[in-house]
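These are my notebook entries on one protein model, written while I looked up its helix, its core and a few single residues. I began each entry with a residue or an element and then followed what touches it.

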Amino acid sequence: VYELVGQVMTDLGAHYEILILRFGEYEIHVRCFARILHSEKILLTTQDYQSWDKKDHKHNDMYLNIAKHGETLIGQTVRSVEVSKVNDLIIVLGNDVRIEIYSSEGSHQLSKESEQWFFYKPKDKAYPYIRVTNNGVKTESNE
C-alpha cells in the first residue's frame, strides 16, 4: 500500500456497505469501520450506511456524503501512508484530508474469517491482491 504515496485520488464510491477508494491504478475496498476527515471534521464514515431507508440500498448517509464531499477529496495527492501493527490504515492526502481505516474485528473462534479491507490493481492481474482479515494479512493472486 505504500505505493499510494504520490498517487492522486481519482474516485470515491460505494457498493452496498463497502467503501471504494481509487488512486490511479490502485483500489482499496473497505468493509470495516472507516472515516474520512477534512480539516478535523468528519465528512463520512462507513457507519453512515446504517441510516438507509430499508427500501433502496443507495438511500443512506454514506452515499449522500460521498456525493456531497467527493469534490473535496477527488484530485488530492497521497502524502503519506501508515499501517499499524493491527493493520489499521491511515492515508493522508493534500488539502488536510485524512482517511482512517480501522480493522474492527478480533479473531473469531466460532465463525469464519472476516475481511476488513483489501488493496489491489484491478487491471493488473500480475499485481498481488492484498487482503487484510481479522486473522492478519494475506497476499493472493489477482487472477
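**Entry 1: the helix**

I started at Lys68, which is found in helix α1; I take helices (H or I, at least four residues) and strands (E, at least two) as DSSP runs, numbered from the N terminus. The model is a predicted one, in which local features need pLDDT of at least 70 and side-chain atom pairs count only at pLDDT 80 or more, while totals for chains, interfaces and linings use all residues. Residues are numbered from 1 along each chain as its sequence is written, and side-chain values use heavy atoms, with hydrogens and water left out.

Lys68 has a relative accessible area of 62% and is therefore exposed; buried means under 20%, exposed over 50% and partly exposed in between, with a 1.4 Å probe and protein chains only. From Lys68 to Leu43 I read 8.8 Å between C-alpha atoms, with their positions 25 residues apart in sequence.

Which residues of α1 are buried? I found Met62, Tyr63, Asn65, Ile66, His69, Gly70 and Leu73 to be so. I noted beside this that an α-helix has 3.6 residues a turn, so residues three or four places apart point the same way. The cover over the buried residues of α1 includes β1 (9–15), β2 (18–23), β4 (33–38), β5 (41–45) and β8 (97–102), where contact means heavy atoms within 4.5 Å.

I then checked the length of α1: its 13 residues, at 1.5 Å a residue, should span 18 Å, the expected span being 1.5 Å times one less than the number of residues. The end C-alpha atoms of α1 are 17 Å apart, which agrees. The helix α1 also bends by about 40° at Ala67, the bend being the angle between axes fitted to the seven residues ending there and the seven starting there. Just after α1, Gly75 takes a positive phi of about 95°.

**Entry 2: the core**

Next I looked up the largest nonpolar core, which has 33 residues, and saw that Leu21, Phe23, Ile28 and Ile101 touch the most other members. Such a core is a set of buried Ala, Val, Leu, Ile, Met, Phe, Trp, Tyr and Cys residues joined through side-chain atoms within 4.5 Å. Helix α1 (residues 61–73) contributes the most to this core, with four residues. In soluble globular proteins, nonpolar side chains tend to be buried together.

Setting aside residues up to four places away in sequence, I listed the contacts of Leu21, among them Met9, Leu12, Tyr26, Ile28, Ile36, Ile99 and Ile101. Ala14, in strand β1, is in contact with Ile20, Met62, Tyr63 and Ile66 once its neighbours within four places in sequence are left aside.

**Entry 3: aromatic rings**

How many aromatic pairs are there? I count seven, taking rings of Phe, Tyr and Trp (its six-membered ring) as paired if their centres lie within 6.5 Å, and calling planes under 30 degrees apart stacked, over 60 edge-to-face and the rest tilted. Phe118 and Tyr120 make a tilted pair, at 5.4 Å centre to centre and 55° between the planes. Phe118 is buried because its relative accessibility is 8%, and Tyr120, at 14%, is buried too. Tyr26, Phe119 and Tyr127 form one aromatic cluster.

**Entry 4: loops and strands**

I looked for positive phi in residues other than glycine and noted Tyr16, near 55°, in the loop between β1 and β2. Tyr16 counts as partly exposed because its relative accessibility is 41%. Asn95 has a positive phi of about 65°, sits in the loop between β7 and β8, and is partly exposed at 40%.

Asn95 is also touched by His38 of strand β4. His38 and Val97 are 59 residues apart in sequence, yet their C-alpha atoms are 4.5 Å apart in space.

In strand β11 I looked at Gly136, which is buried at 17% relative accessibility and touches Asn87 and Arg131, its neighbours within four places in sequence left aside.

**Entry 5: confidence**

Last, I recorded pLDDT, the predictor's confidence in each residue, from 0 to 100. The protein chain has a mean of 89, with 95% of its residues at 70 or more. Among its elements, strand β11 (residues 136–140) has the lowest mean, 85, and strand β7 (residues 89–93) the highest, 98.
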